[in-house]
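Welcome! Have a look at the model below, then work through the exercises with me.

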Amino acid sequence: MSTSPAGATRNVLPYRALIWLAVATFSNGIDGYVLAGLLPQIAAGLQVSTAAAGQLVSVFALTSALGAPVLGALTSGWERRRTIVLSLAVFVLGNLVVALAPAYGVALAGRVVAALGAAVMNAAITAYVIHLAPVEHRGKALSFVLGGWMTATALGVPVGLLLGQSDWRFPLIMVAVVGTVALIGILIKLPHLSLPPGSLRGRLRPLRQPRLLAGLLVSTGILTASYTCFTYAVLILGFARGWAVIVIMFGYGMASLIGNTLTGRLADRFSPVRILTIWLIGLLVNAVL
């Protein structure tokens, strides 16, 4: 049986609780983007190639992708707030390991630890928001919480890049600090929530549906292309150095933030198929240009 947190039945979004989940995704967003702008500094600091430095981003993504369904199923029976708190703590710990890493191998291990925490945290936060928000406002609620990730690309990453100009480890310490603030806020403000446990087989069962699988493949292709370019943006944009990189990252983040805000509001008013069709056509035109 699921227990509804206080205020979930009201026709109002509980922003006082959601804000701390948004801060958690904000810290996750900084972690996911800031290293891409510091590859040369990381490579120099850990005495590896820039390609190897970029693998710190890749191993995080791969670990998250493989770990999310398995860990999500294993923790599905846990009380949701406890799951978010524990996974956020693991995420913060992983970032501290990377920030203090004396060698590349230690940094790589730290990225794996951070990714495992992030994988569980993101799944738990999404499930929590869906059950906390009124049905007619779920799109807006998800947009608000996931907006923490997008805000990180627009504001957190430029700040992190500024800090990283003197030492690439500083942005990771910033991620750990923001994550700790979110952890404290969640412990104080977030209501308890228990949901029925699920299984790994149940999580993977939708993949048997050809239409759903095709949709996932489209999303995977788009995001793979986007993040591959983003990860090595500093190398691709060889002309961009210092402030130029920061301005480009800021523009990318602002566009993501605006798109996320619009999509969340539109999802509560129009058919998802219509919205996806419009965005995919826009992405196709952009790719051709």
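**Exercise 1: a pocket and its lining**

Sort the lining of the second largest pocket by residue class.

Solution. The lining of the second largest pocket has three nonpolar, six polar and two charged residues. Here Ala, Val, Leu, Ile, Met, Phe, Trp, Tyr, Cys and Pro count as nonpolar, Asp, Glu, Lys and Arg as charged, and the others, Gly among them, as polar. Among the lining residues are Tyr-15, Lys-140, Phe-144, Leu-257 and Arg-265. Next, find the main contributor: α6 gives the most to this lining, with six residues.

Before going on, note that this is a predicted model, where local features need pLDDT of at least 70 and side-chain atom pairs count only at pLDDT 80 or more, while totals for chains, interfaces and linings use all residues. Residues are numbered from 1 along each chain as its sequence is written, and side-chain values use heavy atoms, with hydrogens and water left out.

**Exercise 2: two helices that meet**

Find how α2 is oriented relative to α3.

Solution. Start with the geometry: helix α2 (residues 39-46) and helix α3 (residues 50-74) pack at an angle of about 105°, their axes 8 Å apart. Angles of 65 to 115 degrees count as roughly perpendicular, so α2 is roughly perpendicular to α3. Then look at who touches whom (contact means heavy atoms within 4.5 Å): α2 brings residues including Leu-39, Pro-40 and Ile-42, and α3 brings residues including Thr-50 and Ala-53. Finally, sort by class: this contact has seven nonpolar, two polar and no charged residues.

Methods:
Axes fitted to C-alpha atoms, helices over the stretch in contact; angles between N-to-C directions. Helix = DSSP H or I, 4+ residues; strand = E, 2+ residues; numbered from the N terminus. Parallel < 35°, antiparallel > 145°, perpendicular 65-115°, else oblique. 1 Å grid on protein atoms, 1.4 Å probe; cavity = no way out; pocket = protein on both sides within 12 Å on 5 of 7 lines; lining within 4 Å.
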